[in-house]
Amino acid sequence: MKIVVDWDRCEANGVCVRAAPTSFSLDEKDQLHVLAETVTPERRAQVEQAVRECPKQALSLSED
């Protein structure tokens with residue numbers, strides 16, 4: 001399973017960073033970075049929460 005970001009929708013508001021800090025980060029210019037594109041079983045619940053909570057619906061998960 002992989003994280004997919006719709007960069008046209010993403011506003012880098014940080015909701016995903018709070019939900020899944022091991023998977024997402026914001027830099028000093030408030031640009032979003034995916035730290036680990038592949039979702040491990042250990043991080044799956046956090047990443048799924050980040051996808052659900054994204055206010056712009058810019059995040060999704062895809063099967064490999």
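Buried means under 20% relative accessible area, exposed over 50% and partly exposed in between, computed with a 1.4 Å probe on protein chains only. The model is predicted, with local features requiring pLDDT of at least 70 and side-chain atom pairs pLDDT 80 or more, whereas totals for chains, interfaces and linings use all residues. Residues are numbered from 1 along each chain as its sequence is written, and side-chain values use heavy atoms, with hydrogens and water left out.

**View 1. Cys 10 and Cys 16, two cysteines outside any disulfide.** A search of the whole structure for disulfides (pairs of cysteine sulfur atoms within 2.5 Å) finds zero. For Cys 10 the nearest cysteine sulfur belongs to Cys 16, 6.4 Å away. Cys 16 is buried, at 9% relative accessible area, while Cys 10 counts as partly exposed at 23%.

**View 2. The largest cavity, with Cys 10 and Cys 16 in its lining.** A cavity is a set of points on a 1 Å grid over the protein atoms alone where a 1.4 Å probe fits but cannot get out, and lining residues have an atom within 4 Å of a point. The structure holds one cavity of 30 Å³ or more, and the largest encloses about 90 Å³. Other lining residues include Leu 32, Cys 54, Pro 55 and Leu 59.

**View 3. The largest nonpolar core, a set of 15 residues.** Such a core joins buried Ala, Val, Leu, Ile, Met, Phe, Trp, Tyr and Cys residues through side-chain atoms within 4.5 Å. Among the residues touching the most other members are Ile 3, Cys 16 and Phe 24.

Technical notes: On a 1 Å grid over the protein atoms alone, a cavity is a set of points where a 1.4 Å probe fits but cannot get out, and a pocket is an open set with protein on both sides within 12 Å along at least five of seven lines; lining residues have an atom within 4 Å of a point. Grid points are joined across faces, edges and corners, and a volume is the space filled by probe spheres set on the points.
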